[in-house]
Amino acid sequence: MTSTSFRVRSGVALLVFMAGCGTAKEGTAPRSSRVEPVPPPESVWLPAGHFEMGSPAGEPGRDVDEGPRTEVSFERFQMDVTPVTARAFAARREQVRAKDPQARWWSDAETPAEWLGRCNLDSERTDHPVNCVDWRAARAYCELVGGALPTEAEWEYAVRASTASAFWWGESFDAKHVVGSVSCASRGCLGGTAPVVHAGPRCNGWGLCDMAGNVWQWTATGYQERLGEDAPPEASGVPEKPVHRGGSWLNHMPSLFRSAHRGLAYPKNGLTGVGFRCVHRP
């Protein structure tokens, strides 16, 4: 098996956050009212280390673009404990708009009729992950809070949390670890997202929650068919085909929740199953 190696380093200013797990209280910000301050989301430090990105040839459900397995090394960095919530995004959406006028998102009332489920902005689902946000909006939000979207390699390093199994919890799918539609056996049958959590079976060994399920998560990486290759830079700074990771409430196929699975089909299929979280690099 061919293996390549590259080292990931970072050079972005760090906005310091509390480490550890717990419940974060955030203020609300309706579009027409005064924007109240929202504390930054809780983050955890992920240790420096290295891992093999991708999946072995014999892993059930493996896709051909999950290789060749690629050794990646990291200095320590921080990642949000949960996906960004609808409440947190709503509090900053005017700042997001000012930072990137081309950023797009959809509210509950604006959910396109052909999309399964609902968009969470401007609904009572304020503690659910924000969904229906495009890549530009996600990038702008992370930059506003002093972070960035994770690279695809950072995301897989984080979800694995030192594991090498197909799923972060083991080799076999277990529905208690994800918010998804596997148990009801058809795409989108769950009906929608769930509130974020800060502890329990949906959190991996590093304290990161909903890394698999609830919403797919945007990464900063442009798609290439082979791991370890960099997509050519776009003049706009926006990847032509940004990779998203993790699986969502919509998905009913267990293999889509594997740590190495790479998502690419959006926004063609709608964005009710796509959200994001941020990293903060020293």
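## Close-up views of a predicted model

**View 1. The side chain of Ser123 reaches the backbone nitrogen of Arg125 at 3.0 Å.** Welcome to this predicted model; we start in a loop. Ser123 belongs to the stretch that links helix H1 (86–99) with helix H2 (135–144). A second partner awaits on the backbone of Asn120, whose oxygen lies 2.7 Å from a polar atom of the Ser123 side chain. Is Ser123 buried or exposed? It counts as buried, because its relative accessibility is 16% and the cut-off for buried is under 20%.

**View 2. Asp100 sits in the loop between H1 and H2 and touches residues of H2.** Here we stay in the loop between H1 and H2, where Asp100 is also found. Setting aside residues up to four places away in sequence, Asp100 touches Arg136, Arg139 and Ala140. Two of these names, Arg136 and Ala140, are worth remembering, as they appear among the buried residues of H2. Asp100 itself is buried because its relative accessible area is 6%, and buried means under 20%.

**View 3. Helix H2 is mostly covered.** How many of the 10 residues of H2 are buried? Seven are: Trp135, Arg136, Ala137, Ala138, Ala140, Tyr141 and Cys142. These buried residues pack against H1, S6 and S7. Look at the N-terminal end of the helix to find its cap, Asp134, which places a side-chain oxygen 3.2 Å from the backbone nitrogen of Arg136. Just after H2 comes Gly146, with a positive phi of about 85°.

**View 4. Three strands make an open sheet in the order S7-S6-S8.** The pairing in this sheet is mixed. At the edges are strand S7 (242–245) and strand S8 (274–275), each of which pairs on one side only. S6 and S7 run antiparallel and are joined by three bridges. For a landmark, find Trp218, which stands opposite His244 in S7. As background, strands of a sheet pair through backbone hydrogen bonds, in either a parallel or an antiparallel manner.

**View 5. The largest pocket holds about 540 Å³ of space.** Its lining is made up of 26 residues, and the closest to the pocket centre are Thr221, Gly222, Glu229, Asp230 and Ala231. Strand S1 (4–8), H3 and S6 each supply at least two residues of this lining. Which element gives the most to the lining? That is S6, with three residues. By character, the lining residues divide into 12 nonpolar, six polar and eight charged.

**View 6. Ser181 is a buried residue in a loop.** Our last stop lies between helix H3 (152–160) and strand S6 (216–222), in the loop that holds Ser181. Ser181 is buried because its relative accessible area is 0%, while the cut-off is under 20%. Leaving aside neighbours within four places in sequence, Ser181 is in contact with Ser186, Gly188, Cys189 and Leu190, and also with Trp249, Leu250, Asn251 and His252. With Trp249 there is a polar pairing to look for: the backbone oxygen of Trp249 lies 2.6 Å from a polar atom of the Ser181 side chain. For a sense of scale, the C-alpha atoms of Ser181 and Gly192 are 9.3 Å apart, and these two residues are separated by 11 residues along the chain.

Terms used. Residues are numbered from 1 along each chain as its sequence is written. This is a predicted model: local features need pLDDT of at least 70, side-chain atom pairs count only at pLDDT 80 or more; totals for chains, interfaces and linings use all residues. Side-chain values use heavy atoms; hydrogens and water are left out. Helices (H or I, at least four residues) and strands (E, at least two) are DSSP runs, numbered from the N terminus. Buried means under 20% relative accessible area, exposed over 50%, partly exposed in between (1.4 Å probe, protein chains only). Contact means heavy atoms within 4.5 Å. A polar contact is a pair of N or O atoms within 3.5 Å; within protein, one must be able to donate a hydrogen and the other to accept it, and residues adjacent in sequence count only if both atoms are side-chain atoms. Two strands pair if DSSP finds at least two bridges between them. On a 1 Å grid over the protein atoms alone, a cavity is a set of points where a 1.4 Å probe fits but cannot get out, and a pocket is an open set with protein on both sides within 12 Å along at least five of seven lines; lining residues have an atom within 4 Å of a point. Grid points are joined across faces, edges and corners, and a volume is the space filled by probe spheres set on the points. Ala, Val, Leu, Ile, Met, Phe, Trp, Tyr, Cys and Pro count as nonpolar, Asp, Glu, Lys and Arg as charged, and the others, Gly among them, as polar.
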